[in-house]
Amino acid sequence: MLTYREYAPDRRLAPLVKCLWTLRGTDDAPRPERILPDGSFELIFHLGDPFEQAGAAQPAAMLMGEIRRAVIIRPSTRADVLGIRFRRGGASGFFQMPMRELCGVVAPLDDVVRGLCGPVFDSPDPMAQAQSMLARRITAPNRVAGRAISLIESRRGDIRIRALAAQIGTTERTLERLFDTHVGVSPKVLARIIRLQATLRGEEAGYHDDAHRLHEFRELAGVSPSAFLREQNAVNAAIVGNLQDAPRTDC
């Protein structure tokens with residue numbers, strides 16, 4: 001059985017990092033799981049056996065860029081995973097490069113930022129070492145992009161981009177550029193992802209009608225809502241934040 005836990009980040013990281021998390025346990029017959037987009041970037045460290053993706057083992061230390069479509073993974077029989085989940089728009093304060101270049105990337109962390117992985121694996125306290133690694137690199141988040149993200153989240157994705165730009169006092173084109181740099185996807189795509197996540201939580205998500213809801217769900221998830229529920233993707237439910245009673249503690 002796999003056990004998922006979330007941990008509050010160090011206060012230095014809280015503006016950029018939503019949480020740290022662990023997924024540990026054993027499963028003699030792990031099944032493929034569908035991971036849905038949630039608008040976040042993650043750093044993932046396989047301290048146990050790596051998971052499989054597309055028929056190959058995932059890197060021991062990896063960046064999972066913000067995904068626009070579902071990906072399929074197979075958990076390992078002996079899982080010991082440490083994850084760092086950035087807030088939407090928060091990863092740009094760590095990587096300090098246009099986030100559009102990392103959107104959808106699943107790659108060894110050392111291919112993206114050299115020299116970061118060894119200290120985490122060599123440390124007796126990988127979580128503390130990972131936070132120290134982040135704290136040495138972070139810069140302040142962009143306030144305008146952050147405000148736009150907050151408005152999209154507060155409306156559960158039910159907002160027109162023209163109205164969003166007007167509300168924060170900028171143009172649609174400027175907003176698009178900010179999202180290219182700090183978020184990785186456009187405001188429209190992020191709104192769609194947030195609507196998907198609201199639907200999974202059973203919340204009203206502002207779709208025009210059922211046909212609109214089903215079309216967007218299929219496009220992002222690759223299956224219908226009913227098919228997804230039949231799959232019982234427990235890892236997805238935990239990792240993308242849809243497990244409502246996931247334990248959460250301070251580090």
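Phe 86, Phe 94 and Phe 95 come together as one aromatic cluster. The model is a predicted one, with local features taken at pLDDT of at least 70, side-chain atom pairs counted only at pLDDT 80 or more, and totals for chains, interfaces and linings using all residues. Numbering runs from 1 along each chain as its sequence is written, and side-chain values rest on heavy atoms, with hydrogens and water left out.

Back to the rings. Rings of Phe, Tyr and Trp (its six-membered ring) pair if their centres lie within 6.5 Å, and planes under 30 degrees apart are stacked, over 60 edge-to-face and the rest tilted. The count by this rule is 6 aromatic pairs. One of them is Phe 86 with Phe 95, a tilted pair at 6.3 Å centre to centre with 55° between the planes. Phe 86 and Phe 95 are both buried (under 20% relative accessible area, against over 50% for exposed and in between for partly exposed; 1.4 Å probe, protein chains only). Phe 217 and Phe 228 make an edge-to-face pair, 6.1 Å centre to centre and 65° between the planes. That pair ties together distant parts of the chain, 11 residues apart, with Phe 217 in helix H9 (residues 210-221) and Phe 228 in helix H10 (residues 225-231). Helices (H or I, at least four residues) and strands (E, at least two) are DSSP runs numbered from the N terminus. Phe 217 counts as buried because its relative accessibility is 2%, and Phe 228 does so because its value is 7%.

The cluster has a charged neighbour too: Arg 137 lies over the face of Phe 94, 5.1 Å from the ring centre (the rule asks for NZ of Lys or CZ of Arg within 6 Å of the ring centre and within 35 degrees of the ring normal).

Next comes strand E9. Of its 9 residues 7 are buried, so E9 is largely enclosed by the rest of the structure. Strand E2 (residues 17-26) pairs with E9 in the antiparallel sense over 9 bridges, pairing being called when DSSP finds at least two bridges between two strands. Here Thr 22 stands opposite Leu 82 in E9. Strand E4 (residues 42-46) also pairs with E9 in the antiparallel sense, over 5 bridges, and Glu 42 stands opposite Arg 85 in E9.

E9 (78-86) turns up again at the largest pocket, where E9, helix H5 (143-154) and helix H8 (187-200) each supply at least two residues of the lining. H5 gives the largest share, 5 residues.
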